[in-house]
Amino acid sequence: MAAEERRELVMAVLVSVKNPTVIAFTFIWMIGVARRLMLDGTPQINEPRAAR
């Protein structure tokens, strides 16, 4: 039984460390994607307009 309890403890520690890391990475990634979409979607001041 001690081995099973130790295994559960190790899994609990791994999950508690992994989840905030994944959440933080996902949050930063989503901010980066939103920023990229906002910046790429705006025309630049010095950018010539396409001929119509």
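F25 lies in helix α1, which covers residues 2-40. The model is predicted. The chain holds one helix and zero strands. Of its 52 residues, 0% are buried.

**Helix α1**
- α1 has 39 residues, and its end C-alpha atoms are 56 Å apart.
- At 1.5 Å a residue, the helix should span 57 Å, so the expected span and the model agree.
- The helix is hardly covered. Among its 39 residues, the count of buried ones is zero.

**Surface of the chain**
- About 5500 Å² of the chain is exposed.
- Carbon and sulfur atoms supply 67% of that area.

**Nonpolar patch**
- F25, W29, M30, V33 and L37 form a nonpolar patch on the surface.
- Together these five residues have about 580 Å² of accessible area.
- F25 has a relative accessible area of 60%. Exposed means over 50%, so F25 counts as exposed.
- F25 thus joins two topics: F25 is part of helix α1, and F25 is also a member of the nonpolar surface patch.

Key:
Residues numbered from 1 in each chain as written. Predicted model: local features only at pLDDT ≥ 70, side-chain atom pairs only at ≥ 80, totals over all residues. Heavy atoms only, no water. Patch = residues over 30% accessible without salt bridge, like charges linked within 9 Å, V, L, I, M, F, W, Y side chains within 5 Å. Areas by Shrake-Rupley, 256 points an atom, 1.4 Å probe, with all protein chains shown as cover. Salt bridge = Lys/Arg side-chain N within 4 Å of Asp/Glu carboxyl O. Helix = DSSP H or I, 4+ residues; strand = E, 2+ residues; numbered from the N terminus. Buried < 20%, exposed > 50% of the residue type's maximum accessible area, 1.4 Å probe, protein only. Expected span 1.5 Å × (residues − 1).
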